[in-house]
Amino acid sequence: MKINVTRSSMPFYEEYCEEIKSIWDNHWLTNCGPKHNLLEEKLAEYLGVKKVTLFTNGHLALETAIAAFDFPTGSEVITTPFTFVSTTNAIVRNGLVPVFCDINEKDYTIDVTKIEALITEKTVAIVPVHVYGNICDVEEIDRIAKKHNLKVIYDAAHAFGVKYKGKGICNWGDASMLSFHATKVFNTIEGGAICYNDPSLEEKYKSMKNFGLVGEEECEYCGGNAKMNEFQACMGLCNLRHINDYISNRKRVFELYVKRLSNINGIVLCNKQLDVLSNYAYFPVKFDGYKYTRDEVKEMLAKHDIAARKYFYPCTNEFKCMSAFDSKTPIAHNISENILCLPLYHELSDEEVELICNIILN
């Protein structure tokens, strides 16, 4: 069988069927049904945050998280180009200007030493990205934001369940977006959420994901339709019961990769972050002076029906649609040219990991 870069986590068939049974009794398919509301409660408890608002996908969650702060059109938002294009699109689609900050070479997150030089009188927010399960320097970002009176909205799509100093990572910033796409550590088939600790945001988020309606006869905001349905929520409730096992198995795969690929000339792995409880979301490898280039390794694996991914490539500030936003981020560019994410999912066997490593090394 082909080994994909990831494989969606799914509960037992019978477990999911049992979870969706009540939908046939109440005929409640969407519009914040009982399964949806229960998943919000369970996730807030698991993630250790005060509030979770569910969305049909992570992108619309991020767009809404930004839109809720009513930034003036044309305001500047400092962000990273080393991310999926959704992050940058969410900023631009809100009528804001992305200002790209380069990343650091240790964990590929935004370089906090370069943020303040990019702040102008038009800057209103920072949108940092937790990458591969590696977290940003949240404490320094918090200091900068408070000093300059900026909002912080995290793209935490890769950081489900990650903890820093014993605290859920979504407690930092004014809001954090999580993605529950099928490829993520935790999935609801498609889905996403905004996590936050300010209860005053709850009504606005819930209204904006439902066309901006407040009650049945009043539309207060120019919102969209981003509601999670009951079948998605049921998948989430099932997967949440198994999430600790999923992460434990991902850790096994991750550590086997580290054992086989460490201390190899030309192969660069991310260092373990201090005080961070990881979710082992991805296994990125940078090929820097190795006997094969990143693209050659990808091609060799593909010949054995093994799909690795150039993730992220290219940087978002190098897409044609972002050409209006001039920026130079040489470190992000270099890493995007040499990074490859190897297959990682909780059902990947030790034998398959050994096969992947042997192809790369031999």
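This is a short talk on how the helices and sheets of one predicted model pack together.

Okay, hi everyone. Some housekeeping first. The model is predicted, so local features need pLDDT of at least 70 and side-chain atom pairs count only at pLDDT 80 or more, while totals for chains, interfaces and linings use all residues. Residues are numbered from 1 along each chain as its sequence is written, and side-chain values use heavy atoms, with hydrogens and water left out.

When I say helix or strand, I mean DSSP runs numbered from the N terminus: H or I with at least four residues for helices, E with at least two for strands.

Let's start with the seven-stranded sheet. This sheet is open, with mixed pairing and the order 1-9-8-5-4-2-3. Pairing here means that DSSP finds at least two bridges between two strands. Which strands sit at the edges? Strand 1 (51-55) and strand 3 (97-100), and each of them pairs on one side only. From one strand to the next, the twist averages 25°. Zoom in on one edge: strand 1 runs antiparallel to strand 9 (residues 192-196), with five bridges. One example is V52, whose bridge partner in strand 9 is C195.

Now, what packs on that sheet? Helix 2 does, touching strand 1, strand 8 (175-179) and strand 9. Touching, or contact, means heavy atoms within 4.5 Å. The direction of helix 2 makes about 135° with that of strand 1. For angles, axes are lines fitted to C-alpha atoms, for helices over the stretch in contact, and the angle between N-to-C directions runs from 0 to 180 degrees. Helix 4 (residues 85-92) also packs on this sheet, and strand 3 is among the strands it touches.

Next, follow helix 2 (residues 34-47) over to helix 7 (residues 230-261). Their axes are 7 Å apart, at an angle of about 25°. The two are therefore roughly parallel, a label for angles under 35 degrees (over 145 is roughly antiparallel, 65 to 115 roughly perpendicular, and the rest oblique). Helix 2 passes helix 7 in a left-handed crossing, where the near helix is turned anticlockwise from the far one by less than a right angle; clockwise would be right-handed. On the helix 2 side, the residues include L38, L39 and Y46, and on the helix 7 side they include L237, L240 and I243. The residues of this contact split into eleven nonpolar, three polar and three charged. Nonpolar covers Ala, Val, Leu, Ile, Met, Phe, Trp, Tyr, Cys and Pro; charged covers Asp, Glu, Lys and Arg; the others, Gly among them, are polar.

Helix 7 has another partner too. Helix 10 (residues 350-361) packs with helix 7 at about 30°, axes 10 Å apart, which makes these two roughly parallel. Their crossing is right-handed. Among the residues that meet are V253 and L256 from helix 7, and V353 and I356 from helix 10.

And then there's the three-stranded sheet. This sheet is open and antiparallel, in the order 12-14-15. Strands 12 (267-269) and 15 (339-342) are at the edges with a single partner strand each, so one side of each has no neighbour in the sheet. Four bridges join strand 14 (residues 283-287) to strand 15, and V285 has L340 as its bridge partner there. Helix 7 packs on this sheet as well, touching strand 12, strand 14 and strand 15.

That's my tour, thanks!
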